[in-house]
Amino acid sequence: MSTLHAPTPGQTIGPFYGYALPFDRGNELVPPSSPGAIRFHGTVTDGDGQPVPDALLEIWQTGPDGVVPRQAGSLHRDGWTFTGWGRAATDDAGHFCFSTVEPAAAEADRAAFIMVTVFGRGLLNRLFTRAYVPGPALDSDPLLASLPADRRLTLIAERDATGLRFDVSLQGPDETVFLRYPGQ
């Protein structure tokens, strides 16, 4: 079959992610009481600054050693293993929360970050972004260096009393920088 078909939109209405995709403790990359556990949390807002109550976020990250977990079974939460992957829905106030560990950089001269994917009503396809961990390596990271200073700030998480806060703005003047990957 040599005929190429034109791409079609991902969805025109729905899907309703909060219905079937969240799973028990899916937001726990480690249990909240684990040594070194932090909260990675924030709010998803629309172009008017209003909370998005029905978004779904997935994260992928390295561990504190800079290694991406590669073993099968990240959907299984056994109560102690760091999985490197999680999924959480936003609540009515647009807030999401993960229990995880602070990642380390996977490569020298790069900053540590958490990959974030946003699914939501009205989005024809998922959105990809990064939440960078504050620190000195931010200045040498190639992706961050390629962005204007004001746009770069939308990718840097803020430290708070419980861990890292990262807000996602889907549109508007403070729109989060979203990434495109080959084949997307």
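**Exercise 1. Strand β6 and its two faces**

Both faces of β6 are covered in this predicted model. Your task: work out which residues of β6 are buried on each side, and how many of the strand's residues are buried in total.

*Solution.*
- Step 1. Start from a helpful rule: in a regular strand the side chains alternate between the two faces of the sheet.
- Step 2. Sort the residues of β6 by side: Leu 127, Thr 129 and Ala 131 belong to one, and Phe 128, Arg 130 and Tyr 132 to the other.
- Step 3. Check burial, for which the cut-off is under 20% relative accessible area. Six of the six residues of β6 pass, so the strand is largely enclosed by the rest of the structure.
- Step 4. Look at one of them in detail: the charged end of Arg 130 sits over the ring of Phe 113, 4.1 Å from its centre.

**Exercise 2. Building the sheet**

Find the order of the four strands in the open sheet, and say which strands lie at its edges.

*Solution.*
- Step 1. Trace the strands across the sheet: the order is β3-β2-β5-β6, with antiparallel pairing.
- Step 2. Pick out the edges. β3 and β6 each pair on one side only, which makes them the edge strands.
- Step 3. Add the angle: on average, and ignoring direction, neighbouring strands here are turned by 25 degrees against each other.
- Step 4. Inspect the pairing of β5. With β2 there are six bridges in the antiparallel sense, and Trp 60 stands opposite Met 115 in β5. With β6 there are six antiparallel bridges, where Val 118 has Leu 127 as its bridge partner.

**Exercise 3. The largest nonpolar core**

Which residues of the largest nonpolar core touch the most other members, and which strands each supply at least two residues of this core?

*Solution.*
- Step 1. Recall the general trend: in soluble globular proteins, nonpolar side chains tend to be buried together.
- Step 2. Among the 27 residues of this core, the ones touching the most other members are Phe 40, Val 44, Phe 98, Val 116 and Val 118.
- Step 3. Assign the strands: at least two core residues come from each of β1 (37–45), β2 (56–61), β4 (95–101), β5 (113–119) and β6 (127–132).
- Step 4. Zoom in on Val 116. Leaving aside residues up to four places away in sequence, its contacts include Phe 40, Leu 57, Ile 59, Leu 127 and Phe 166.
- Step 5. Keep the other core apart: a second, separate one of nine residues includes Ala 111, Phe 128, Leu 138 and Leu 144.

**Exercise 4. Aromatic pairs around Phe 40**

Describe how Phe 40 pairs with Phe 96 and with Phe 98.

*Solution.*
- Step 1. Begin with the whole structure, where a search finds six aromatic pairs.
- Step 2. Take Phe 40 and Phe 96: the pair is tilted, 6.0 Å centre to centre with 55 degrees between the planes. It links strand β1 to strand β4, across 56 residues, and both partners are buried.
- Step 3. Now take Phe 40 and Phe 98, also a tilted pair, at 6.2 Å centre to centre and 35 degrees between the planes. Phe 40 is in strand β1 and Phe 98 in strand β4, so this pair ties together parts 58 residues apart in sequence.
- Step 4. Put the rings together: Phe 40, Phe 96, Phe 98 and Phe 166 form one aromatic cluster.

**Exercise 5. A loop residue**

Is Arg 70 buried or exposed?

*Solution.*
- Step 1. Locate Arg 70 in the loop between β2 and β3 (85–89).
- Step 2. Apply the cut-off for exposed, over 50%. Arg 70 has 74% relative accessibility, so it counts as exposed.

Note on methods. Residues are numbered from 1 along each chain as its sequence is written. This is a predicted model: local features need pLDDT of at least 70, side-chain atom pairs count only at pLDDT 80 or more; totals for chains, interfaces and linings use all residues. Side-chain values use heavy atoms; hydrogens and water are left out. A nonpolar core is a set of buried Ala, Val, Leu, Ile, Met, Phe, Trp, Tyr and Cys residues joined through side-chain atoms within 4.5 Å. Buried means under 20% relative accessible area, exposed over 50%, partly exposed in between (1.4 Å probe, protein chains only). Contact means heavy atoms within 4.5 Å. Two strands pair if DSSP finds at least two bridges between them. Axes are lines fitted to C-alpha atoms, for helices over the stretch in contact, and angles run from 0 to 180 degrees between N-to-C directions. Rings of Phe, Tyr and Trp (its six-membered ring) pair if their centres lie within 6.5 Å; planes under 30 degrees apart count as stacked, over 60 as edge-to-face and the rest as tilted. A charge sits over a ring if NZ of Lys or CZ of Arg is within 6 Å of the ring centre and within 35 degrees of the ring normal.
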